Amino acid sequence: MIAPLAIATQAVVNEQDVVTPFEQNLLVGLVFVIMFGLGAGLTPRDFKLALKRPSGLIIGFITQFGIMPVLAYVLCLAFLFQLAPEYALPVAVGALLMGAVPAGTTSNMFTYFSKGNLALSVMMTTNSTLWAILMTPLALAIFGNLLFSETSEFQIPITNIVVTLAILLIPVVLGMLIRRYSANIGAVLELLGGFFGLFFIVFLVLTWVPRNWALLSSTPWQTYVVAIGLGLFGILVAFGISKAIRLHPANARTVALETGIQNGPLAIAIILLTFQGSPDIGLILIVPALYSLFIVLIATVVTFVFRRANTAAEQKIPNLL
């Protein structure tokens with residue numbers, strides 16, 4: 001572990017400095033609607049296709065739960081631990097959680113505009129979401145033990161996070177059941193989920209940023225590197241791996257976006273429900289909040305780059321996923 005340097009930081013950040021009580025209730029409600037929409041977007045046909053060609057899901061699983069938690073750990077070790085422990089430790093918890101949560105529905109939107117494989121994107125998002133109840137706590141336990149010594153007063157409540165994930169996965173299952181028995185209602189829920197996912201982004205830009213400008217301006221640059229680097233490097237590393245194993249270009253773009261675009265609203269909801277009452281909750285929320293803000297800008301730039309792809313030439317390349 002790198003010895004922390006004497007760098008001044010805002011060691012105490014109140015929960016209300018990051019999200020107000022109204023915003024907490026709004027965000028948790030939005031997450032439930034988004035998760036409903038995620039489940040409602042699936043049909044039995046999707047699962048049949050996934051079982052016939054599981055390679056894409058396997059690759060996505062490896063990049064999602066292999067690259068992102070490791071990347072979060074490395075970024076925390078290299079940058080956050082330059083700061084005072086009372087600041088760095090709780091912020092690192094939020095960063096690790098951000099790296100361990102599944103992909104977000106926003107990745108589906110950017111995959112579509114990036115000329116990627118939308119069907120693969122939706123299945124990868126759902127697959128990682130369902131696996132999250134096991135893989136997210138596992139990643140937090142592994143990398144949390146590496147970052148925080150056994151004698152540290154700061155511990156990650158793994159059991160509470162598992163319970164919270166189980167609760168938040170209920171709307172996904174319900175959405176899948178509704179789509180199974182009523183395609184029309186399922187389609188409406190799917191649209192609502194996508195709409196509220198977009199609303200969350202607009203909400204951050206128009207209301208959260210102006211209100212938290214003082215907090216943003218006092219946040220150390222190391223925290224920004226972690227929050228921005230998690231999404232940017234996640235996309236670049238996953239895209240590099242996809243190209244190295246010679247995935248179809250459309251699938252490579254999909255895997256890259258699915259890997260780098262994490263479920264920011266879910267991470268924030270987990271923190272609000274798990275760390276309620278903790279004096280460090282404000283610090284824990286910082287990286288997920290910053291990540292959710294900047295990943296939209298990063299993904300937009302990446303999408304413009306991806307859209308320059310020669311799709312006519314790609315038609316000649318066999319697609320095995």
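Here are some exercises with worked solutions on the predicted model shown above.

**Exercise 1. Getting an overview**

Find out how many helices and strands the chain has, and what share of its residues count as buried.

*Solution.* Start with the secondary structure: the chain has 15 helices and zero strands. Next, turn to burial: 55% of the 321 residues count as buried. Finally, look at the contacts in the chain with a separation of 6 or more: 85% of them come from residues 24 or more positions apart.

**Exercise 2. Checking the length of two helices**

Compare the expected span of H5 and of H2 with the distance between the end C-alpha atoms of each helix.

*Solution.* Take helix H5 to begin with, which covers residues 85-100. With 16 residues at 1.5 Å a residue, H5 should span 22 Å. Its end C-alpha atoms are 22 Å apart, which agrees.

Now do the same for helix H2, residues 21-40. Its 20 residues should span 28 Å, and the end C-alpha atoms are 29 Å apart, which agrees.

**Exercise 3. Burial along H5 and H2**

Work out how many residues of H5 are buried, then name the buried residues of H2.

*Solution.* The cut-off to keep in mind is that buried means under 20% relative accessible area. In H5, 14 of the 16 residues are buried, so this helix is largely enclosed by the rest of the structure. In H2, the buried residues include Leu 27, Val 28, Leu 30, Val 31, Ile 34 and Met 35. Glu 23 and Gln 24 are also among them.

**Exercise 4. Finding the nonpolar core**

Which residues of the largest nonpolar core touch the most other members?

*Solution.* This core holds 88 residues. Those that touch the most other members are Leu 80, Phe 81, Leu 96, Leu 147, Phe 148, Leu 230 and Ile 270. The largest share of the core, 16 residues, is supplied by helix H14 (residues 281-306).

Now pick out Leu 230. Leaving aside residues up to four places away in sequence, Leu 230 touches Met 68, Leu 71, Ala 72, Leu 75, Ala 95, Met 98, Gly 99, Val 225 and Tyr 291.

**Exercise 5. How helices pack**

Describe three helix pairs: H5 with H14, H4 with H11, and H4 with H5.

*Solution.* A good way in: two packed helices are described by the angle between their axes and the distance between the axes.

- H5 and H14: the axes come within 6 Å and cross at roughly 45°. The two helices are therefore oblique to each other. Their crossing is right-handed. Among the residues making the contact are Tyr 87, Pro 90 and Val 91 of H5 and Ile 284, Val 287 and Tyr 291 of H14.
- H4 and H11: the axes of H4 (residues 55-78) and H11 come within 10 Å, crossing at roughly 135°. This angle is not over 145 degrees, the cut-off for roughly antiparallel, and H4 and H11 are therefore oblique. The crossing is right-handed. Residues that meet here include Met 68, Leu 71 and Leu 75 in H4 and Gly 229, Leu 230 and Phe 233 in H11.
- H4 and H5: the axes are 7 Å apart and the packing angle is about 160°. That makes H4 roughly antiparallel to H5. H4 passes H5 in a right-handed crossing. The contact includes Phe 65, Met 68 and Ala 72 of H4, together with Ala 95, Leu 96 and Gly 99 of H5.

**Exercise 6. Two residues with positive phi**

Locate Lys 115 and Arg 246, and decide whether each is buried, partly exposed or exposed.

*Solution.* Most residues other than glycine have a negative phi. Lys 115, however, has a positive phi near 60°. Lys 115 sits in the loop between helix H6 (106-113) and helix H7 (118-147). Its relative accessibility is 29%, so Lys 115 counts as partly exposed.

Arg 246 also has a positive phi, of about 60°. Arg 246 lies in the loop between helix H11 (221-244) and helix H12 (249-260). At 76% relative accessibility, Arg 246 counts as exposed.

**Exercise 7. The surroundings of Ile 235**

Is Ile 235 buried or exposed, and which residues does Ile 235 touch?

*Solution.* Ile 235 belongs to helix H11. Its relative accessibility is 2%, so Ile 235 counts as buried. Leaving out residues up to four places away in sequence, Ile 235 touches Ala 256, Leu 257, Gly 260, Ile 298 and Val 302. As a last step, consider Thr 254: Ile 235 and Thr 254 are 19 residues apart in sequence, with their C-alpha atoms 9.7 Å apart in space.

How values were computed. Residues are numbered from 1 along each chain as its sequence is written. This is a predicted model: local features need pLDDT of at least 70, side-chain atom pairs count only at pLDDT 80 or more; totals for chains, interfaces and linings use all residues. Side-chain values use heavy atoms; hydrogens and water are left out. Helices (H or I, at least four residues) and strands (E, at least two) are DSSP runs, numbered from the N terminus. The expected span of a helix is 1.5 Å times one less than its number of residues. Buried means under 20% relative accessible area, exposed over 50%, partly exposed in between (1.4 Å probe, protein chains only). A nonpolar core is a set of buried Ala, Val, Leu, Ile, Met, Phe, Trp, Tyr and Cys residues joined through side-chain atoms within 4.5 Å. Contact means heavy atoms within 4.5 Å. Axes are lines fitted to C-alpha atoms, for helices over the stretch in contact, and angles run from 0 to 180 degrees between N-to-C directions. Angles under 35 degrees count as roughly parallel, over 145 as roughly antiparallel, 65 to 115 as roughly perpendicular and the rest as oblique. A crossing is left-handed if the near helix is turned anticlockwise from the far one by less than a right angle, and right-handed if clockwise.
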